[in-house]
There are 2 protein chains.
Amino acid sequence: MRVEILTIGDELLLGFTIDTNAAHLARELATVGVEVARRGTVGDAAGEIAAAVREALDRTGAVITTGGLGPTADDLTKPAIAALFRRRMRLDGEYLEALRRRWRDRFGGEMPESNRQQAMIPEGATIVPNRHGSAPGIWLEDERARWVVMLPGVPRELRGMTGDELLPRLRERARSATEATELPVVRSLTLRTTGIGESKLADLLGDDLGRGFSGGTLAYLPAFEGTDLRLTVRGLPDGAAVARLEEAAARIRARLGAYVYGQDGGDLAAVVLDRCRARRLQVAAGESCTGGLFAARLTAISGSSDVVLGGVVAYANDVKERLLGVPAELIAAHGAVSEEVARAMASGARARLGADIGVGITGIAGPGGGSAEKPVGTVWTAMDLAGVVQARRAVYVGDREEIRQRAAQGALDMIRRALMD
Amino acid sequence: MRVEILTIGDELLLGFTIDTNAAHLARELATVGVEVARRGTVGDAAGEIAAAVREALDRTGAVITTGGLGPTADDLTKPAIAALFRRRMRLDGEYLEALRRRWRDRFGGEMPESNRQQAMIPEGATIVPNRHGSAPGIWLEDERARWVVMLPGVPRELRGMTGDELLPRLRERARSATEATELPVVRSLTLRTTGIGESKLADLLGDDLGRGFSGGTLAYLPAFEGTDLRLTVRGLPDGAAVARLEEAAARIRARLGAYVYGQDGGDLAAVVLDRCRARRLQVAAGESCTGGLFAARLTAISGSSDVVLGGVVAYANDVKERLLGVPAELIAAHGAVSEEVARAMASGARARLGADIGVGITGIAGPGGGSAEKPVGTVWTAMDLAGVVQARRAVYVGDREEIRQRAAQGALDMIRRALMD
């Protein structure tokens, strides 16, 4: 089954909100064998919404929309699509009562009048329950079995409803639409690499693997964490698709060696936590240019507290001295961005926090502060593992935020490589 | 002038990469009076790319594409669109030589053969120079003055080329296409609010302001930082548009008071830095559940080092005691997530780092660790300003990452409110 996704909102079209809903939907849909044929975005204008839905129905016959279901006047999705299906809007008394009850339970007092609009439903539509917010989803279908499902734009609500309601309904539909016991799916697998660029990867993979593999496609996805390799197989039954992907992934891993740090969603921080946990090692950080990002990456993962003791964000030189014990003379002699200071920060973090592994990161995130000798992007990273200290210099490209993110990733990778079998 | 944006790539369509390019382009285009009529995304399939470009040309006559210009085999944008325009591909010898030179200068050695494809150009096309990477942009126009410009998908390259090349060309085109000396523009203004929900905002704004304002539209953009209010005016000359927006913004500000923390791009962390700087106050943090995010928010802003001394990420209780001086008895008596411990962390951070303002954040980010008394999302935040300590409890909704982000934002807002005039 193929569908199109249409995200709705001036804020998306004008670029003031990044569209994360479409990506989430696409990933989830793939797990039940539903392929996204195309994605689109239109603004909060009834004519534009109706035109885009009509075109998508003509092309693909199945449309998922997000956004424009809220309580405010810029929310036009329901009436625009109802008009396209030639349906009137009616007030659903039962839903209105449920909305009022929900408001009293959560906030106390009376529901604002503006929320009443959420109980207006096109005639002949099915309400798709929303346990995560007040705007219900709406499912509309025409006499030719072409359908639109309208979901809210708030990411938390959309994610909840996708799991609760959308996927079970689509799985059921796909099953009844096909004779096969196994659904042909779009199945993907991602190999995550770091510390190597896109064209070098292509060269390492060579002509036989670098352009795809037997029965599947290969995409290169560069980002600050490194380049992901996405392997995709289409139209095979599930078991065969997985086998095809695993076989190709094994060949690519053999070619790339330690550049591959993970498969599928696995964040590098999670890999580092697992390796530390397996060896019962605890980590502490001394961060300057990353300003807390390294610790934030690790602590973003639930259950990190058995590995991460904490860290010191030593932005001021005085804090490097007081909390990490970096000698003032070292900073005076070599500068705060230097191998010597990175090493002292790593060892200081390890000693002061009582950890097994101490990490020190000091660099120039820019945009100012660079020099010919130490250009913007220069970062020294050091690791003290049980008293043995190593250090590495890198010059990261990108803007301030990218340099900070790449530096945090580089420090995580230093731990990973040190703890490889 | 109206254009459509088409972003190209399986990774976007499948949802493995979030599309940030379209948003960036839309924001930049608005500044030169170019309105985005619609956005779309297709996968790495020549037929899909050509169909989507053809439909957009029929609707709008002007298309900007991103992606699919890289050196690898999944990059099909150029040949697909060249075929649509009935143009052959030719090898541009001059560009190939420039590519080889660039590679030698940057990396040394010979350029990988896979990069050679980047010098293939459709006949009759204009090369749009790319100072930020190796893939050139391509501008193609047909006999009816309908055009497509193809830009790379790497965000850093796209952003650079938009400023260097795309905006000057479009500004010139828009100018020559209109008789007026002033271009009618799409002009927007954002008021940023925090600590108040979307429907409460609508109620405070009432019927006269909550649904838009004279000559303009109002959008509610909820996110973890709070809800942004986006005011948009279309089709007026620049000066009149700005006046209209400013007048409406002043009325909204009067209605919302301290809930508004900024206008347009202004991050709350930047507001906090400015207020601290004006009073010559320096900040230090003691973070538990936010794990470095609070410090990372402040240090993300260039020039923050005159205000931010640093902080302690005190994930383990032992670190709270050793580095922040939180008494062990306090943790034993009240638990790590308590008003008492938050206060001690704030005062400890202030004293140990020698700051004017100390912030303490301790909470339960989940998904585990909640209880009936302290559910997941419970966060105690405290601030010690020159010895005067205040504390606040909040229960944030969302997943682990949202709770951490909301907690960091709440702590920033506590400083902002304390330093209001």
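Here is a short conversation about how some labels for this predicted model are reached.

User: Why is helix 3 of chain B called oblique to helix 4 of chain B?

Analyst: Start with the angle: helix 3 (residues 46-59) and helix 4 (residues 77-84) of chain B pack at about 50°, and their axes are 9 Å apart. Angles under 35 degrees count as roughly parallel, and 65 to 115 as roughly perpendicular. The angle of about 50° fits neither range, so helix 3 of chain B is oblique to helix 4 of chain B. The crossing itself is right-handed.

User: Which residues meet there, and how do they divide by class?

Analyst: From helix 3 of chain B come B:Ala46, B:Ile49, B:Ala50, B:Val53 and B:Arg54. They meet B:Thr77, B:Pro79, B:Ala80, B:Ile81, B:Ala83 and B:Leu84 of helix 4 of chain B. By class, this contact has nine nonpolar, one polar and one charged residues.

User: What makes helix 11 of chain B oblique to helix 13 of chain B?

Analyst: You can reason in a similar way. The axes of helix 11 (residues 317-324) and helix 13 (residues 339-353) of chain B cross at roughly 40° and come within 9 Å. Roughly parallel needs an angle under 35 degrees, and roughly perpendicular begins at 65, so helix 11 of chain B is oblique to helix 13 of chain B. The contact is made by B:Lys320, B:Leu323 and B:Leu324 of helix 11 with B:Met345, B:Gly348, B:Ala349 and B:Arg352 of helix 13. These residues divide into four nonpolar, one polar and two charged.

User: How do you know that the two copies are related as by a two-fold rotation axis?

Analyst: Try laying chain A on chain B: a turn of 180° with a shift of 0.0 Å along the axis does it, with an RMSD of 0.0 Å. The copies are thus related as by a two-fold rotation axis.

User: And why is it said that the copies meet through the same surface?

Analyst: Because 100% of the interface residues of chain A are also interface residues in chain B.

User: Why is A:Met89 called partly exposed?

Analyst: Count the C-beta atoms around A:Met89: 15 others lie within 10 Å. Buried would need 20 or more, and exposed would need 12 or fewer, so A:Met89 is partly exposed. A:Met89 lies in strand 4 (residues 89-91) of chain A. Its contacts, leaving out residues up to four places away in sequence, are A:Lys78, A:Pro79, A:Ala82, A:Met120, A:Ile121 and A:Pro122.

User: What makes A:Ala145 and A:Ala386 exposed?

Analyst: A residue is exposed with 12 or fewer such neighbours. A:Ala145 has 10 inside 10 Å, so A:Ala145 counts as exposed. A:Ala386 has 11 within 10 Å, so A:Ala386 is exposed too. You will find A:Ala145 in the loop between strand 7 (137-141) and strand 8 (147-151) of chain A, while A:Ala386 is in the loop between strand 16 and strand 17 (388-395) of chain A.

User: What is notable about phi in these two residues?

Analyst: Most residues other than glycine have a negative phi. Phi of A:Ala145, however, is positive, near 65°, and phi of A:Ala386 is positive as well, near 55°.

User: Where are cis peptide bonds found, and what is omega there?

Analyst: One joins A:Gly366 and A:Pro367, with omega about 0°. Another runs from B:Gly366 to B:Pro367, with omega near 5°. A:Pro367 is in the loop between strand 15 (357-363) and strand 16 (378-385) of chain A.

Terms used:
Residues are numbered from 1 along each chain as its sequence is written. Chains are lettered from A and ligands numbered from 1 in the order in which they are written. This is a predicted model: local features need pLDDT of at least 70, side-chain atom pairs count only at pLDDT 80 or more; totals for chains, interfaces and linings use all residues. Axes are lines fitted to C-alpha atoms, for helices over the stretch in contact, and angles run from 0 to 180 degrees between N-to-C directions. Helices (H or I, at least four residues) and strands (E, at least two) are DSSP runs, numbered from the N terminus. Angles under 35 degrees count as roughly parallel, over 145 as roughly antiparallel, 65 to 115 as roughly perpendicular and the rest as oblique. A crossing is left-handed if the near helix is turned anticlockwise from the far one by less than a right angle, and right-handed if clockwise. Two residues are in contact if their C-beta atoms, placed from the backbone, lie within 7 Å. Ala, Val, Leu, Ile, Met, Phe, Trp, Tyr, Cys and Pro count as nonpolar, Asp, Glu, Lys and Arg as charged, and the others, Gly among them, as polar. Copies are superposed by least squares on the C-alpha atoms of residues with pLDDT of at least 70 in both.
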